[in-house]
Every structure is written in structure tokens, then in C-alpha cells.
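Let's take a walk through this structure together. Have a look at it first, and then we'll go through some of its parts.

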Amino acid sequence: MKIGYLVHDLDPKAGWGRLSNDLISGIRENGYEVVILKEIDDGFEGSPLLRRGVGMFLSAFRARKYLKDCDVIHALDVYPYGIIATLATLGLRKKVVISLIGTYSVAPLYNWKTSLLSSVSLRTAAAVTSISEFTKGEVCKKVRLRDVITITPGIDLKVFHKEHVESKEQFIISVGALKERKGYHISIPAFALARKEIADLKYKIVGSQGDFSYFSELKRLAQECGVEDAVQFLTNVSDDELSNLYKEARLFLLPSVNAEHHFEGFGIVFLEAAAAGLPVIGTWGNGIEDALQNNQNGFLVAQNDTIGLSRAILGIVDNPERWREMSARSYSWADENGLGSMIRKYTNVYDKIINQKTMRIDSGRIIN
């Protein structure tokens, strides 16, 4: 069987690229052929010919020759990839799978320029999957779909599963591009409050610093909170370096906040951290709810709640018995969410739709 993938990129340093990379690698290992079309020329394999806006139509025309011999076309997100897949396969009678990834599955449904094409693509797909129950729910507020299958991302345990070690430097860690949606403007003052109780605590923030305005704001905020010497910003970190940071940290946190229809679709970094035995802290009201087990391997706190986040940090770092219990559960949680489980679920979807056991999607309509 040959699968054609339409993705943003394959760079494993970002969540979107890591999901695509892990999925495609696992599918190949299971004996499938693949064709990769992508938007970003990231130096990895695949043809970077996908475009947004009006460029979707030319992209669809150019994609046809790559996809005509594929048995299944899998688009990782609705906009623009699900739309391009639908346009590219008009008249070809191909089975299209669309995965709901997060922001660009939901926001286009609220934009008059993209809502119709997005909803038609979802309603005509042979199968729709979602990386979290939250993302699924947000899409289904606008398009009535039936049989959407939630397949949460898996973690490559070979890379991130390491025994935790005690570090001389006591620090907590966040991983994710420096953008407002990640909630670092909440985590820095929360860390400052926690540091009043644990004076030697440090905070390492790992992620792309491409949003220079927000990066500057965070540095100013750390200075205002009096913790500029305790907050370290790291970028261009390799998987091996990141894995070592995870295994030495005391806690992982990412207090993501929703900005209109922009939100955390899942948060693979929570599984990466769990694989190194870290307790984790995230926020309610987004896909992180599926990425950790509240009160078991970590805590969920309300969005924009600086005091609540600080209390959660102290409730783990300053409580050795709770830390050990949550660390053990994190290892178990990561084992339960390995790549193998994710790959099996996607191959089951492919096999079912090829065998005409199509997961029917309601004809539906956009809900105003």
C-alpha cells in the first residue's frame, strides 16, 4: 500500500514536524510505501510544493501527479493540507484521511475565506482523526462529523526514555517555541513566586526564539520579577541534549493559553518529559488534557493562573514523596503512549478504508 502525506514539515525539533516524522517513519517500518509533500523546505525528504491562500489551487494541481498512484492520501491538518488533498484528488477516487492537529483545524472554520473549503474537505474525507478530544470537540462545534477517531501522538522511547538522575543544579524546564500561546508570560512570574520558597531553584526554557518581540518581553519580565539570573533561555538544542535536560530536571511545565481559536492541540513535549520520569504541569481547556494524567503524573491548572501554577510547582518540587509517585507514573504513562500504539491505530484506519469498511462521516453542514 502506498500512502501520500501532506504535511507542514519533517523537522523533529518542532511538535508538528516531530509528529509527521515519527508517523511516516513508523509507517515505513510497517512495510508501506510513502510519498511526502510538504510546505516547508526544511532540508529533510519530501517535495516542498504546498502553499496557503490562493496558492492552494496551484499546489493541488501540482500534487496530482505525486498522488495519483497512492492508495490513501493523509493530510496532517485541515488547512491547507486537507483542502489541497481534497482538491488534488477530485475525479481520482482516492481515499483521503484528514487529521485534526490543532489551531489550523479550527481557526479556518471561523474564517469566511476558508470555512467552506475546510468543511467540505472534512465532510467528504473517508476518515477523520484527531490528536485530542479537545481538538475534536472544537471542530465539531462548527462541522457535524460522526466517527472522528482520537489518536493521540506517541513518544519515541528510544530517544527520551532515560532514568532520572539527581542534578547538582535544581531546575524546572519548559520546551516549546517562544510564542504567547505557550504561556511563558505566566510561567516566569509563577516561577518567581515559587523561588521565594525554594531559593536555589532555576528555570530553563528551551525553544525557538524567532518571535523577537515576545522573547524581549520575556527577558524584561524575568528582570522585573527579579529572576533574570535564574531563568535561562536555550535554543538549537539537539534531541540528545534535550533528553539529558529532561533527565536532570525536577519538573516540566507548559502553561499554554488559548488565543481565540489558537490553542495547544496536544503537547508531545509532555510525553517526552514523562519518558524521563518528570512530573508535568499543563493547563485545562486545550489538548494538554489528553497529554497528562491529572493528579497522577502531574497537575492541570487553570489558564492564566499565576498563583495556581506557582502552588502546583511547589506542590511537586517541595514534596519528595509526591514527586516520586508522579515520576513513577510518568514512566508508566510514557510506556503506554509509545510510537507503536499510535502507528497501529493509523494503519488500522488505512486498512479499513481501503477494504471499503469506511468510517462514515455525516453529510453535515457548517453550524453558524
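Before we start, a word on naming: helices here are DSSP runs of H or I with at least four residues, and they are numbered from the N terminus. Keep in mind, too, that you're looking at a predicted model.

With that in hand, let's begin with the pockets. The largest pocket has a volume of about 1300 Å³. It is lined by 48 residues, and the ones closest to its centre are A14, G15, W16, A177 and K182. Which elements give two or more residues to this lining? They are helix 1 (15-29), helix 4 (103-106), helix 10 (239-248) and helix 11 (268-275). Helix 1 has the largest share, with 5 residues. As for chemistry, the lining of the largest pocket splits into 21 nonpolar, 14 polar and 13 charged residues.

Now move on to the second largest pocket, which holds about 300 Å³ of space. Its lining is made up of 17 residues, and D22, S25, D156, K158 and L339 sit nearest the centre. Helix 1 turns up again here: together with helix 7 (157-160) and helix 14 (339-354), it is one of the elements that each supply at least two lining residues. Helix 1 gives the most to this lining too, with 6 residues. Sort the lining of the second largest pocket by type and you get 5 nonpolar, 5 polar and 7 charged residues.

Helix 14 deserves a stop of its own. It has 16 residues and runs 23 Å from its first C-alpha to its last, close to the 22 Å expected at 1.5 Å a residue. Which of its residues are buried? They are L339, M342, I343, Y346, T347, V349, Y350 and I353. These buried residues cover an arc of only 150° around the axis, so they lie on the same side of helix 14. What do they pack against? Their partners are helix 1 and a set of strands: strand 1 (2-7), strand 4 (72-76), strand 5 (95-100), strand 6 (127-130) and strand 7 (149-150).

Let's finish with a single residue, V34, which you'll find in strand 2 (residues 33-38). Is V34 buried or exposed? Its relative accessibility is 15%, and buried means under 20%, so V34 counts as buried. Leaving out residues up to four places away in sequence, V34 touches I3, Y5, I24, I27 and R28. C140, on the other hand, is 106 residues from V34 in sequence and 30 Å from it in space, C-alpha to C-alpha.

Technical notes: Residues numbered from 1 in each chain as written. Predicted model: local features only at pLDDT ≥ 70, side-chain atom pairs only at ≥ 80, totals over all residues. Heavy atoms only, no water. 1 Å grid on protein atoms, 1.4 Å probe; cavity = no way out; pocket = protein on both sides within 12 Å on 5 of 7 lines; lining within 4 Å. Points joined across faces, edges and corners; volume = space filled by probe spheres on them. Nonpolar A, V, L, I, M, F, W, Y, C, P; charged D, E, K, R; others polar. Expected span 1.5 Å × (residues − 1). Buried < 20%, exposed > 50% of the residue type's maximum accessible area, 1.4 Å probe, protein only. Arc of directions from axis to C-beta. Contact = heavy atoms within 4.5 Å.
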